[in-house]
Amino acid sequence: MMKHGITRKLLFTGMMLAALVPLGLSAAEPEDVIKYRKNVMKAIGGHTSAAAAIVQGKVDYKAHLAEHARALQVLTKDIPALFPKDSDFGDTEAKDAVWTKRADFEKAAKNARTKVEAFAKAVQGGNQQAMAASFKDMGEGCKGCHKDFRKEEK
Ligand code: HEC
């Protein structure tokens, strides 16, 4: 019985601790957030480069284009969310302006997002020229943000 009592006590303590750390509200480590957003940005870069090769006719994967466009729509849905407070130091190329000029940063994100949508629409439309033009414009959207908010455009 004694043993049982201790087990119950431990279980209770465990439950109390669990209650103190609500799932999803636990603070992520800044370096993990930075790693995560870089991976998401790499994915965005990967789909953009893959789409470029198709749009420029270097490879013959036209059937994939809509999927790359769709992936970009999903991945660029909320770029500012990838840059929470306290993720501004460490192994990051993000400039301080991401946090000090937040309104401008959000505007740049929205601008790029609009261009991604336009590209996705052009892909649906299937017109080669419209696709190429909107793809180029989308690239300007990426650069528009990197220019002001990312250290040394690579
Ligand atoms: C609203 C701003 C913004 C937009 C829009 C944006 N980026 Fe970025 N991007 C950043 C910032 C800031 C970084 C640096 C992140 C870091 O190092 O923590 C970055 C990093 C990257 C990286 C490097 C990832 C790594 O560390 O290896 C690539 C690749 C990239 N972006 C591609 C793109 C492409 C392609 C687009 C357009 C489809 C785009 N980005 C749109 C802000 C933006």
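At 27% relative accessibility, Met 41 counts as partly exposed, because the class between buried (under 20% relative accessible area) and exposed (over 50%) takes that name, with a 1.4 Å probe and protein chains only. The SD atom of Met 41 is one of the protein donors of the iron atom of the ligand. The model is predicted: local features need pLDDT of at least 70, side-chain atom pairs count only at pLDDT 80 or more, and totals for chains, interfaces and linings use all residues. Residues are numbered from 1 along each chain as its sequence is written, and side-chain values use heavy atoms, with hydrogens and water left out.

**Overall fold**

- The chain has six helices and zero strands, where helices are DSSP runs of H or I with at least four residues and strands are runs of E with at least two, numbered from the N terminus.
- Read from the N terminus, the order of elements is α-α-α-α-α-α.
- Of the 154 residues in the chain, 31% are buried.
- About 10,700 Å² of the chain is exposed, and carbon and sulfur atoms supply 60% of that area; the areas come from the Shrake-Rupley method with a 1.4 Å probe, and for residues only the protein chains shown count as cover.
- Among contacts (heavy atoms within 4.5 Å) between residues at least 6 apart in sequence, 71% join residues at least 24 apart.

**Iron site**

- Met 41 (SD) and His 146 (NE2) are the protein donors of the iron atom of the ligand, at 2.1 to 2.5 Å from it.
- Met 41 belongs to helix 2 (residues 30-55) and His 146 to helix 6 (residues 128-149), so this pair ties together parts that are 105 residues apart in sequence.
- Donors are N, O and S atoms within 2.8 Å of the metal (3.2 Å for Na, K and Ca); water is not among the atoms, so sites may look incomplete.
- The arrangement is octahedral because the six donor atoms around the iron atom of the ligand subtend angles of 82 to 179°; six donors count as octahedral if opposite donors are over 155 degrees apart and all others between 65 and 115.
- Ideal angles for six octahedral donors are 90 or 180 degrees.

**Buried positions in helices 2, 3 and 5**

- Thr 48 is in helix 2 and counts as buried because its relative accessibility is 17%.
- The side chain of Thr 48 reaches the backbone oxygen of Ile 44 at 2.8 Å.
- Leaving out residues up to four places away in sequence, Thr 48 touches Leu 72, Phe 135 and Met 138.
- His 68 lies in helix 3 (residues 65-75) and is buried, at 15% relative accessibility.
- With residues up to four places away in sequence not counted, the contacts of His 68 are His 47, Ala 50, Ala 51 and Ile 54.
- Ala 109 has its place in helix 5 and is buried, with a relative accessible area of 9%.
- Apart from neighbours within four places in sequence, Ala 109 is in contact with Ile 79 and Pro 80.
- From Ala 109 to Cys 142 the C-alpha to C-alpha distance is 8.5 Å, while the two are 33 residues apart in sequence.

**Salt bridges**

- There are six salt bridges, each a side-chain nitrogen of Lys or Arg within 4 Å of a carboxyl oxygen of Asp or Glu.
- Arg 102 and Glu 106 form a salt bridge, with the closest N and O atoms 3.5 Å apart.
- These two residues are separated by about one helical turn because they are four residues apart in helix 5 (residues 102-125).
- Arg 102 is partly exposed at 23% relative accessibility, and Glu 106 is partly exposed with a relative accessible area of 40%.
- Arg 113 pairs with Glu 117 in a salt bridge whose closest N and O atoms are 2.8 Å apart; both residues are in helix 5, four residues apart, about one turn of the helix.
- Arg 113 is buried, with a relative accessible area of 18%, whereas Glu 117 is partly exposed at 30% relative accessibility.
- Asp 137 and Lys 115 meet through their side chains in a salt bridge (3.1 Å, N to O).
- Asp 137 is in helix 6 and Lys 115 in helix 5, so the pair ties together parts that are 22 residues apart in sequence.
- Asp 137 is partly exposed at 34% relative accessibility, whereas Lys 115 is buried at 17%.
- Lys 38, Asp 91 and Glu 93 are joined into one network by salt bridges that share partners.

Note on methods: Tetrahedral: all angles 85-135°; square planar, octahedral: opposite > 155°, others 65-115°. Polar contact = N/O pair within 3.5 Å; in protein donor to acceptor, adjacent residues only side chain to side chain.
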